[in-house]
Amino acid sequence: MSTDDVEKTTNEAVKGLKGIIAADSSICLVNGTEGKLLYRGYNIDELAEHATFEEVSFLLLNGELPTPSQLTEYQDNLKQYRAIEPELIEALKKLPTEALPMALLRTITSMAGVYDPDAESESFEKRLQISMRLISQIPTIVAAIHRVRKGLEPVAPDLSLSHAGNFMYMLNGEKPSEDATRAMDLILTLHAEHGLNASTFTGRVVIATLPDIYSAVTAAIGALKGKLHGGANTEVLKTLFEIGSVENIAPYVKKVREAKGKFMGFGHAVYQVEDPRAKHLKELSRRLGEETGNPKWYEMSVEMEKLVFAEISRNCNVDFYSASLQHYMGIPGELFTCIFAASRIAGWCAHILEQLDGNKIIRPKAHYIGYEERAYVSIGQR
């Protein structure tokens, strides 16, 4: 057997690179068999219970939780960067309002890099500053997209509010309740990082070629826009609207099973047991359902979770209860993936900075399955 034949038989391609280790990373551990998620060694349960998104994003960027003085300085930096250039708002207003929110986010984020004079800087300090700028400004861009598409003027940031509270304020134009602020903070925390998912890996591949950080983040947004990555919670909400009531859950589950269809928001590519993030959103969905006086969507979700598990023995994932929760928060389903991006920007930037530390361009091999070498045939003989 030739050397080429040996290489071909021992290096068969793994579809989707499933299980392939592509990088060393100290940022996140996703243990699918135990249902454990760690950010920099801290269990997501403890972070969800005790930490704010500001603390979590600082942790992801810097490797350690902030001291009180570090947190105050970091919060001040995020507040300083909240406002976006007026030119970005004007550009957004000129784009088609019927365009998908994620398409608008991708475009305006790319444009933001043009207006940042430090975009091309290669110093660690400037790159860290750009990361903080993006963590702060992506929510402002998302809120502006939401309001412009509705024919409303964007709301200027309120520096008296927390990161999550200000995000809710810019989206809805009114100061959020304590539970709504807590809900947004929790959504941002739980979605902030999840290992080498498709969008994060995309960001690392792009930054490894040494462009600016905005290019890598724009590429990551493009990956998240895909139907197989972001958007599952949007489909969950559509399903709840389609079903309409608790009484219709059982017939719906039966119909999907008979058609061998898929239940959105159930199962996960990594977790073989319960997604550790799901239970935190479930409780807040219950509380906001009570606060709004409309517990139907939460009650439907609970019934659907029970019946689907009985049918297919799969737990719901983080997307499932985030659907009813964000609906209670006044966020339309079409904006859910943008909210995801406003959270995951923290993880993307952490991975981008890690990739740049000792960077090597990412250049895997393809397992060639095409023709052997063959002779060229002139056009008149084909």
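**Environments of Thr140 and Arg149 in helix H7**

Thr140 is found in helix H7 of this predicted model. The relative accessibility of Thr140 is 7%, and Thr140 therefore counts as buried, since the term applies to values under 20%. Leaving aside residues up to four places away in sequence, Thr140 is in contact with Arg82, Ile84 and Met170. For Arg82, a polar contact is also found: the side chain of Thr140 reaches the backbone oxygen of Arg82 at 2.8 Å.

Helix H7 comprises residues 124-149, and Arg149 also lies within this element. Arg149 has a relative accessibility of 23% and so counts as partly exposed, the class that lies between the limits of 20% and 50%. In sequence, 49 residues separate Arg149 from Leu100, whereas the C-alpha to C-alpha separation of Arg149 and Leu100 in space is 9.6 Å.

When residues up to four places away in sequence are not counted, the contacts of Arg149 comprise Thr97, Glu98, Ala99, Pro101, Leu104 and Glu334. Two of these partners, Thr97 and Glu334, also take part in polar interactions with the Arg149 side chain. With Thr97, the partner atom is the backbone oxygen, which the side chain of Arg149 reaches at 3.2 Å. With Glu334, the polar contact is between the two side chains, at a distance of 2.6 Å.

Taken together, the side chains of both helix H7 residues reach backbone oxygens, that of Arg82 in the case of Thr140 and that of Thr97 in the case of Arg149. Thr140 is classed as buried, whereas Arg149 is classed as partly exposed.

Conventions
Residues numbered from 1 in each chain as written. Predicted model: local features only at pLDDT ≥ 70, side-chain atom pairs only at ≥ 80, totals over all residues. Heavy atoms only, no water. Helix = DSSP H or I, 4+ residues; strand = E, 2+ residues; numbered from the N terminus. Buried < 20%, exposed > 50% of the residue type's maximum accessible area, 1.4 Å probe, protein only. Contact = heavy atoms within 4.5 Å. Polar contact = N/O pair within 3.5 Å; in protein donor to acceptor, adjacent residues only side chain to side chain.
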